[in-house]
Amino acid sequence: MAATTTTTSPATLQPCKNNATGVVLIGRSSPCSWRKTLLRHHVVKAAASSSSRWRKAAPTGAGGGELKTSTSGTAREEAAGDVIRRLQNGPDVRGVALEGEKGRAVDLTPLAVEVIAESFGEWLRDQDLQPLESRTTDGGEMRVSVGRDPRLSGAALGAALFAGLARAGCAVFDMGLATTPACFMSTKLPRFSYDASIMMTASHLPYTRNGLKFFTKRGGLTSGDVEDICDLAARKYVARKMGLGGGRGMPPVVMRVNAMTAYAQHLRDIIKERVAHPTHYDTPLKGFKVIVNAGNGCGGFFTWDVLEKLGADTTGSLHLEPDGEFPNHMPNPEDATAMSLTRAAVLGRGADLGVVFDTDVDRSGVVDATGAAINGDRLIALMSSVVLGEHPGTTVVTDARAGEGLTRFIEARGGRHCLYRVGYRNVIDKGVQLNADGVETHLMMETTGHGALKENYFLDDGAYMVVKIIIEMVRMRLQGLEGSIGSLIKDLEEPAESVLLRMNILGEAKYAKQRGAQAVQTFYNYIQERKLNGWVLDDCGDCSVSQGCLVDTNDNPIAVDAYMYRAKFFDDYNRQLGWVHIRQSVHNPNIAINMQSSVPGGCKSMAKNLLERYLLTSGINDFVDISQVQKFVN
């Protein structure tokens, strides 16, 4: 059955003259203001198939009857379905989309993407998200926008995504190359106001990976939502593998829309209105030099569609053109190469600010005029300084890898610091929950650079974070204040040492989550059973979280998506050497160990203690590779 669509897009829709694919593309008569070189990324190929809704409660075959399988085939079908379930990474879907990774087979295939997209479309219909008037005017179709980063697998997987959404009866709107925040904002900006959006990206991961991020008007989906969607998709996947419910039909109709330009204008308007420059309102960045390092991801638009149009000099900016192989460095504000190259450009040009975006621009970091890198705890401190100036006494939520110096920084400015579970969705959801409980919480940030503000729909938006920093930078100059933006965090106390170690989980991937949870829980048990003398579980502060940032004790606890604990370590003289945060990764089959110490050599002392009294004595080393810990200790 052909997927018919209607649109309320502001664009004049015209048939695409150059379309020679299996997707009916309807687009603008002229390209968006992204540079013409971006148009090559719009190549789409798809072959849609007829719709057959696969209900979670009662799976059916192609003819609508009950899907019957033999007992002997159950194990094979379970294994096939697990291929889809293992693609879930917390609130996202991620997998290997291209050959080339040692020891990793391609698992994010077009079929996998199609059944996940179809299941998302069906899930949307069950959520009752549309207002009554929308159902009346457009026939009740769910209107879903789709964006993607420049990865090489984007075109083929995008076609499968379109087909899956169309099979679920959704009207599909192609944003082309886009950012993750822009995808969400396409559900909010008045000229678009879609019911939902999907961004195809794997963030900072290698070019061989890809993934999906899901949004409704309410915000990003939770891990539980995505688990439900993947569970339904697993049933579809098994059926398609058996040749059921996947007949070919008419190609889907896809509307091409230009939401990135509207999103960029939205950011420009915020800067102009909040700076309110007394002499040049429309060009408040005149006289400022700003370097942008987009890492060949999607962040280049911020240079020419935001900064330059506001009067900034962006000469010397780096890696603005999208390139799906990321030839210079991974787009990642945590990446040492990205930050050092940006620092060199800032100092070489005498710039006021440097900006580093990740691939899909939901994270960012900055470099101030002195060349100081501002990411991790420093970025959280900078944003806390800005937000506490606007909202005195507000609570700031971060993940539990944040240092104790950051807590003292926030409290010294009259704020409260709530440390919570690692995971950007966990941190954001905690902020939403606190606000609902009457605790004013305006800033939620993860140490990786994900940052969300209450004023911006609780959306983790790297570009919006930079907008806030730029506004503060301009205000400082207008007020005649000396120093760079980094002067706002000059009294931030930083640890003497900070170390990250990883332990890969051995064996079959399908057992990785279970084994990771077992290893982390054993650490907790050893402390509780006093097998690890000197270790004390850290409740991380005055909030409703206890037992090392795992157990929510309020009335509506957030579901646990990965096990993690934080513990402090005291030496024989009862002096605190530092803390350790141990967690199972949501994204990869490994366990991460973050350590911070206030004394030189403290991290090695803690690692040695863990190695000898936990890793080697508990049996964890039978299924966890502890070589990185051993190498660090020795």
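# Exercises on a predicted protein model

In strand β10, methionine 255 is the bridge partner of phenylalanine 173. The exercises below concern a predicted model, and the first one continues with this strand.

## Exercise 1. The strand β10

Task: Determine which strand is joined to β10, in which sense the two run, and how many bridges join them.

Solution.
1. The partner of β10 is strand β6, which covers residues 171-177.
2. The two strands run parallel and are joined by three bridges.
3. The bridge between phenylalanine 173 and methionine 255 has already been named above.
4. As for the side chains of β10 (residues 253-256), Val253 and Met255 point one way, while Val254 and Arg256 point the other way. All four of these residues are buried.

## Exercise 2. The strand β7 and its two partners

Task: State which strands pair with β7 and in which sense each pairing runs.

Solution.
1. With strand β5 (residues 143-148), β7 pairs in the parallel sense over five bridges. In this pairing serine 145 stands opposite serine 197 of β7.
2. With β8, the strand β7 runs antiparallel, and five bridges join the two. Here serine 197 stands opposite phenylalanine 215 of β8.
3. Serine 197 therefore appears in both steps, opposite serine 145 and opposite phenylalanine 215, which lies in strand β8 (residues 209-216).

Task: Establish how many residues of β7 are buried and which residues lie on each side of the strand.

Solution.
1. Strand β7 comprises residues 196-200, and five of its five residues are buried.
2. One side carries Ala196, Ile198 and Met200, and the other carries Ser197 and Met199.
3. Both faces of β7 are covered.

## Exercise 3. Two aromatic pairs

Task: Classify the ring pair of phenylalanine 184 and phenylalanine 215, and then the ring pair of tyrosine 526 and tyrosine 614.

Solution.
1. A pair of aromatic rings is described by two values, the distance of the centres and the angle of the planes.
2. The whole structure holds 14 aromatic pairs. In the pair of phenylalanine 184 and phenylalanine 215, the distance is 5.8 Å centre to centre and the angle between the planes is 55°, and the pair is tilted.
3. Because phenylalanine 184 belongs to helix α5 (residues 180-185) and phenylalanine 215 to strand β8, this pair ties together parts that are 31 residues apart in sequence. Both phenylalanine 184 and phenylalanine 215 are buried.
4. For tyrosine 526 and tyrosine 614 the ring centres are 6.2 Å apart and the planes stand at 70°; an angle over 60 degrees counts as edge-to-face, so this pair is edge-to-face.
5. The pair of tyrosines links distant parts of the chain, 88 residues apart: tyrosine 526 is in helix α14 (residues 512-528) and tyrosine 614 in helix α15 (residues 602-615).

Task: Decide whether tyrosine 526 and tyrosine 614 are buried or exposed.

Solution.
1. A residue is buried if its relative accessible area is under 20%.
2. Tyrosine 526 has a relative accessibility of 12%, so this residue counts as buried.
3. Tyrosine 614 has a relative accessible area of 1% and is therefore buried.
4. Both tyrosines belong to one aromatic cluster, whose members are Phe523, Tyr526, Trp535, Phe569 and Tyr614.

## Exercise 4. Charges over rings

Task: Name the rings over which the charged ends of arginine 413 and arginine 566 sit.

Solution.
1. Arginine 413 has its charged end over the ring of phenylalanine 409, at 3.6 Å from the ring centre.
2. Arginine 566 has its charged end over the ring of tryptophan 579, at 4.3 Å from the ring centre.

## Exercise 5. The nonpolar cores

Task: Identify the helix that gives the most residues to the largest nonpolar core.

Solution.
1. The largest nonpolar core has 76 residues, and Tyr263, Leu267, Phe301, Phe302, Leu353 and Ile470 touch the most other members.
2. Helix α13 (residues 462-478) gives the most to this core, namely eleven residues.
3. Beyond its neighbours within four places in sequence, isoleucine 470 is in contact with Leu285, Phe302, Leu307 and Leu353.
4. Another core, of 39 residues, lies apart from the largest one; Leu124, Leu161, Ala234 and Val254 are among its members.

Terms used: Residues numbered from 1 in each chain as written. Predicted model: local features only at pLDDT ≥ 70, side-chain atom pairs only at ≥ 80, totals over all residues. Heavy atoms only, no water. Core = buried A, V, L, I, M, F, W, Y, C linked by side-chain atoms within 4.5 Å. Buried < 20%, exposed > 50% of the residue type's maximum accessible area, 1.4 Å probe, protein only. Helix = DSSP H or I, 4+ residues; strand = E, 2+ residues; numbered from the N terminus. Contact = heavy atoms within 4.5 Å. Phe/Tyr/Trp six-rings, centres within 6.5 Å; stacked < 30°, edge-to-face > 60°. Lys NZ or Arg CZ within 6 Å of the ring centre and 35° of its normal. Pairing = 2+ DSSP bridges.
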